[in-house]
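Biologist: Could you take me through the salt bridges in this model, one pair at a time? I'd like the cut-offs spelled out as you go.

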Amino acid sequence: MGRPFRLGDEDRPDYASALDEVIASPQIQRLLERSGVPGDRLRVRGLAAVARVAHAADAEYRRYTALRRQARGGSRAAGASPLSGPGDQERPGAGVLAVLGVLTPVLAAVAAATFLVLGYGLHLAEALPALADTLVGVGWLSLGIAAATALVSVAALYRTAARQAAADAVPDLPDASLSPALDRAREVWLGALRDRGIRPWRRPAVSYKQQSQPTRIGVFLTGVGG
């Protein structure tokens, strides 16, 4: 069972314009003059029965709206993926690298402080001079590693923030390559809407001489509204 038909709010002005175009046609105007029914009444009936009238062009409308969604989502789908941390987070394993990028400077700084305190403590105590020199050297090496990894992490965070800002600055523009096809789909829908949904007056017009005017205009309005 298919989905129930519903005309989108943004397409109702197109429906109203198509309805006005048909009502303003010479054939409908002559019919209205003969029947004495105001054109505004016919328009109100057509607007009230929008779901039933527009359903006659259901297939064309669904193709048009599907193409429109594709056109609107094209640029966003082709855009860069959002980033959530240091470096290229969209790559496999990037989460682990991000954690290491944060923890390495901290651990290296803690190790550097520990080695330096122990090394200089042994120097002050004049005990185990060889071990003290080794601890001091390792401490300064750890401090250098902490400084280097901290700079790398800051640079990665800055790069990530710059890329995210550039991605957010890109407007969600329609896909220009689909514009001609979208225009054609809209015209096909409007044509089907006018011919199959809003112009069922042809059959009552043929039988005009065989019906009284009130009966005939009732059939006409029923046809347009239904």
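Modeller: Sure, starting with terms: helices are DSSP runs of H or I with at least four residues, strands are runs of E with at least two, and both are numbered from the N terminus. This is a predicted model, so local features need pLDDT of at least 70 and side-chain atom pairs count only at pLDDT 80 or more, while totals for chains, interfaces and linings use all residues. Residues are numbered from 1 along each chain as its sequence is written, and side-chain values use heavy atoms, with hydrogens and water left out.

On that basis the protein has ten helices and zero strands. A salt bridge here is a side-chain nitrogen of Lys or Arg within 4 Å of a carboxyl oxygen of Asp or Glu, and the search of the whole structure turns up twelve. As background, side chains of opposite charge can pair when their charged atoms come close.

Take helix H5 (residues 58–77): arginine 62 and aspartate 58 both sit there, four residues apart, about one turn of the helix. Their closest N and O atoms are 3.0 Å apart, which makes the salt bridge. For cover, buried means under 20% relative accessible area, exposed over 50%, and partly exposed in between, using a 1.4 Å probe and protein chains only. Aspartate 58 counts as buried because its relative accessibility is 17%, whereas arginine 62, at 25%, is partly exposed.

Next comes glutamate 187 with arginine 186, where the closest N and O atoms are 3.4 Å apart. Both partners are partly exposed: glutamate 187 has 43% relative accessibility, and arginine 186 has 26%.

Then there's arginine 199, whose side chain meets that of aspartate 195 in a salt bridge at 3.0 Å, N to O. Arginine 199 is partly exposed at 21%, and so is aspartate 195 at 46%. Elsewhere, Glu10, Asp11, Arg68 and Arg72 are joined into one network by salt bridges that share partners.

Arginine 199 also shows up in the surroundings of arginine 194, a residue of helix H8 (179–198). With contact meaning heavy atoms within 4.5 Å, arginine 194 touches Ala18, Glu21, Val22 and Arg199, leaving aside residues up to four places away in sequence. Arginine 194 has a relative accessible area of 16%, so it counts as buried. Over in helix H1 (residues 12–23), the buried residues include Ala18 and Val22, and the buried set of H1 packs against H8, among other helices.

Key: Expected span 1.5 Å × (residues − 1).
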